[in-house]
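Subject: A structure to look through

Dear colleague,

Here is the structure I promised to pass on to you, with the sequence beside it. Please open it first and turn it around for a while, and then read my notes below.

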Amino acid sequence: MQNTLCAIMAQILSIYGLVASVIISGDLVEKLPLHQGFLQLGAGISVGLSGLAAGFAIGIVGDAGVRASSQQPRLYIGMVLILIFAEVLGLYGVIVGILMLTKSKENVTQCLY
């Protein structure tokens with residue numbers, strides 16, 4: 001069970017991307033204002049890049065942590081704490097993406113073209 005924690009935490013990052021894509025796809029219309037489209041693009045990029053950074057951090061910490069905790073079991077708790085800090089990087093990207101998506105709906109005018 002100890003060795004699978006890193007893989008499970010990495011899969012949570014993909015759920016963050018799924019949540020962001022569902023929110024973005026709910027706002028898509030045929031005539032979309034330009035600024036709303038760019039804010040949706042920025043929200044997707046922020047979720048994706050923060051998920052990428054968090055995935056790298058989880059991979060590096062997980063590799064070193066599993067090797068160290070197999071030799072010294074007391075290090076497992078420290079590894080879990082560092083993995084949680086790495087996971088929060090992805091959560092910050094989701095929060096920024098949701099904030100960008102909520103701002104994309106304010107002061108929107110109808111596109112005539």
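**Surface and overall form**

The accessible surface of the protein chain comes to about 7500 Å², and 71% of that surface belongs to carbon and sulfur atoms. Please keep in mind throughout that this is a predicted model, and that the values below were computed from it.

As you follow the chain from its beginning, you will find 3 helices and 0 strands, which gives the pattern α-α-α along the sequence. The radius of gyration of the protein chain is 18 Å, whereas the globule rule gives 13 Å for 113 residues, so the chain is more spread out than a compact globule. The C-alpha trace agrees with what you see on the screen, spanning about 65 × 15 × 15 Å along its principal axes. Of the 113 residues in the chain, 29% are buried. If you consider the contacts between residues at least 6 apart in sequence, 81% of them join residues at least 24 apart.

**The nonpolar core**

Which residues touch the most other members of the largest nonpolar core? This core has 15 residues, and the ones in question are Leu5, Met9, Leu13, Ile58, Met79 and Leu83. Each of the helices α1 (5–26), α2 (34–71) and α3 (75–103) supplies at least two residues of the core, with α1 giving the most, namely 6 residues.

Ile58 is a good residue to select and examine for yourself. Apart from its neighbours within four places in sequence, Ile58 is in contact with Cys6, Met9, Ala10, Leu13, Leu83, Ala86 and Glu87.

**A nonpolar patch on the surface**

There is also a nonpolar patch on the surface, formed by Leu34, Phe38, Leu41, Ile45, Leu49, Leu52, Phe56 and Ile60, and together these residues have about 900 Å² of accessible area. One of them, Ile45, has its place in helix α2. Ile45 has a relative accessible area of 44%, which lies between the 20% limit for buried and the 50% limit for exposed, and therefore Ile45 counts as partly exposed.

**One more residue in α2**

Is Ala68, which lies in helix α2, buried, partly exposed or exposed? With a relative accessible area of 26%, Ala68 is partly exposed, because this value is not under the 20% that buried requires and not over the 50% that exposed requires. Ala68 and Ile98 are 30 residues apart along the chain, and their C-alpha atoms are separated by 37 Å.

With best wishes

Conventions. Residues are numbered from 1 along each chain as its sequence is written. This is a predicted model: local features need pLDDT of at least 70, side-chain atom pairs count only at pLDDT 80 or more; totals for chains, interfaces and linings use all residues. Side-chain values use heavy atoms; hydrogens and water are left out. A nonpolar core is a set of buried Ala, Val, Leu, Ile, Met, Phe, Trp, Tyr and Cys residues joined through side-chain atoms within 4.5 Å. Buried means under 20% relative accessible area, exposed over 50%, partly exposed in between (1.4 Å probe, protein chains only). Helices (H or I, at least four residues) and strands (E, at least two) are DSSP runs, numbered from the N terminus. Contact means heavy atoms within 4.5 Å. Patches are made of residues with over 30% relative accessible area and no salt bridge: like charges are joined within 9 Å, nonpolar side chains (Val, Leu, Ile, Met, Phe, Trp, Tyr) within 5 Å. Accessible areas come from the Shrake-Rupley method with a 1.4 Å probe; for residues, only the protein chains shown count as cover. A salt bridge is a side-chain nitrogen of Lys or Arg within 4 Å of a carboxyl oxygen of Asp or Glu. The radius of gyration is taken over C-alpha atoms; the globule rule is 2.2 Å times the number of residues to the power 0.38.
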